[in-house]
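Trainee: I have a protein model open and I'd like to learn how to read its features. Can we go through a few together?

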Amino acid sequence: MAASDSAGDDSLYPIAVLIDELKNEDVQLRLNSIKKLSTIALALGVERTRKELIPFLTETIYDEDEVLLALAEQLGQFITLVGGPEYAYFLLPPLESLATVEETVVRDKAVESLRAVAQQHCPSDLENHFMPLVQRLAAGDWFTSRTSACGLFSVCYPRVSAAMKEDLRSHFRALCQDDTPMVRRAAATKLGELAQVVELEYLKSDLIPMFVNLAQDEQDSVRLLAVEACVSIATLLPQEDVDQLVMPTLRQCTGDQSWRVRYMVADKFTELQKAVGPEITRTDLVPAFQSLLKDSEAEVRAAAANKVKDFCQNLDKTHQENIIMTNILPCVKELVTDPNQHVKSALASVIMGLSPILGRHNTIEHLLPLFLTQLKDECSEVRLNIISNLDCVNEVIGIQQLSQSLLPAIVELAEDSKWRVRSAIIEYMPLLAGQLGREFFDEKLNTLCMTWLMDHVFAIREAATLNLRKLVDQFGAEWAENTIIPKVLAMSRDQNYLYRMTCLFCINVLAEACGSDITTRLLLPTVLLMANDKVANVRFNVAKTLQKISPHLDQAVIQPQVKPILDKLNVDNDIDVKYSASEAIAGITALG
């Protein structure tokens, strides 16, 4: 008897521990216990999880948002722990409670888990258990439950009876007309998703009127979300229906009094273009795009400017060049001198992409003057965006057309007071070197690359070091020996120990790129000399460099030249130098 009592106590133990931990004052302990729920469910078995654990969790949902969020996430992964898809409906009560709480993040996670659980329901369970839940949430007194309901319609709609579908559409219509803006926002967000699963006849008869109403809502936060739904709906409709049912509303959104709605139209413009097709694009979207590029709000102009290249690329090939030259290019010319730097910067990041579309003649005649204007812009970001996209132009007209204007722009960016701008131009240097050729580079840009190695910001010196490696990869070891290495080795004698260290960092990257002969003949003697440096930090880096370049050295010099220097550094007064030297000795021995 005693044994059976003890067995009974053992079986209750997991629940008892969970109850204790969930009542503990420490939030972290409660959070940890929720994260261990799956272990507790495994210990209890599927039947007791359904009959004891899930009801207990349903009754005790009142806690910190962090704990509730973890619970909502856990329950979405609980299907196998309650006995598989046929028992999935047991998870609905606690998730329903979580879908009504005040904290948005918790509600969203509960809806995500409910959607996952709904996928596992068979059609009969969906109608008997999930549908009533959706109806209760959609008709709830608090807006929180109604906003959560919006995310559940699309997941159950395809798999229920016609009568139930009718009921779902009716509930969704009510949510689209809800008194609370938050609910209408949630409905507008999920309208496109529901449109994907609704039959075409009901899309036209039920959902499009909802879309039209939302797009005319008094709150601009609702209207801008209707623009997203517009993309989904237009994709699903035949061409003639798009013209009649969607375009009037889209035209209205393009000229909306709220800049946020117009911004959303500009942001989604290329998606809309693909959805409505080439004919409507030509008749409706081209004028709309022109008006967005000329919008009074800079944010809208910037969003539209960002889409210039993609919009032009997606135009119908038979009319593409004509539309760009007649309608788009005049607007682009105005934006090049826009008073707002964000607009100019957005345009500069895409304008070069028009070159391949318009071809050599139009690029030279119409685009080149614009590029040259932007290369002289007062805003460094504009100049940088032009330089970073040079490859598009290089393919069409060759970079020589731009080289004379490029140089002043590159030099100015290289000396910009903001170190991030200097860093960005360093990144593009290998690309420029490849496009401008070795001769131009040696004549105009080589000195610049060496100057960066002496920059006062470490991040720039580091980027310049890596840049050298890329240049050697491009121009070859012989070029490095004649052009770069003498200047790098000269830094080993600089008064400033930081530049002497930069010399070592350069040797680290050049050794691999230049190969054994140059490393042994030119780079190693300098490193060995620097072992006598008076600054410990330099000596410490000498040991590290010797270890790093040793695989690229002629092995015959390791014992007579490298080993004695490392042995000397191994008895240095500075503890860090000694440590680096011992590491280097061990590393080289392992190689040998």
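Trainee: How many salt bridges does a search of the whole structure find?

Mentor: Keep in mind that this is a predicted model. A salt bridge here is a side-chain nitrogen of Lys or Arg within 4 Å of a carboxyl oxygen of Asp or Glu. Searching the whole structure gives 25 salt bridges.

Trainee: Which residue meets arginine 169 in a salt bridge?

Mentor: That's glutamate 166, with an N to O distance of 3.0 Å. The two sit 3 residues apart in helix H11 (residues 162–176), so about one helical turn separates them. Check their surroundings too: arginine 169 is buried, at 3% relative accessible area, while glutamate 166 is partly exposed, at 43%. Both belong to a network of salt bridges that links Glu166, Arg169, Arg173 and Asp206.

Trainee: What about aspartate 567 and lysine 563, how many residues apart are they?

Mentor: They're 4 residues apart in helix H33 (residues 558–569), which again means about one helical turn. Their side chains form a salt bridge at 3.7 Å, N to O. Aspartate 567 is partly exposed at 36% relative accessibility, and lysine 563 is partly exposed at 23%.

Trainee: Which parts does the pair of arginine 251 and aspartate 284 tie together?

Mentor: Start with the contact: the closest N and O atoms of this salt bridge are 2.5 Å apart. Arginine 251 lies in helix H15 (residues 239–254) and aspartate 284 in helix H17 (residues 269–293), so the pair ties together parts 33 residues apart in sequence. Arginine 251 is partly exposed, at 41%, but aspartate 284 counts as buried, at 15%.

Trainee: Let's try cysteines. How many disulfides does the structure hold?

Mentor: The general idea goes like this: a disulfide is a covalent bond joining the sulfur atoms of two cysteines. This structure has 0 of them.

Trainee: Why is there no bond for cysteine 312?

Mentor: Because the closest cysteine sulfur, in cysteine 331, is 10 Å from its own, too far for a bond. The cut-off is 2.5 Å. Cysteine 312 is buried, with 0% relative accessible area, and cysteine 331 is buried too, at 1%.

Trainee: Last one: which residues form a negative surface patch?

Mentor: Look for Glu64, Asp65, Glu66 and Glu102. Glutamate 102 is in the loop between helix H6 (92–98) and helix H7 (104–120). With 73% relative accessibility, glutamate 102 counts as exposed.

Definitions and conventions: Residues numbered from 1 in each chain as written. Predicted model: local features only at pLDDT ≥ 70, side-chain atom pairs only at ≥ 80, totals over all residues. Heavy atoms only, no water. Patch = residues over 30% accessible without salt bridge, like charges linked within 9 Å, V, L, I, M, F, W, Y side chains within 5 Å. Areas by Shrake-Rupley, 256 points an atom, 1.4 Å probe, with all protein chains shown as cover. Lys, Arg positive; Asp, Glu negative; His and termini not counted. Charge placed at Lys NZ, Arg CZ, Asp CG, Glu CD. Buried < 20%, exposed > 50% of the residue type's maximum accessible area, 1.4 Å probe, protein only.
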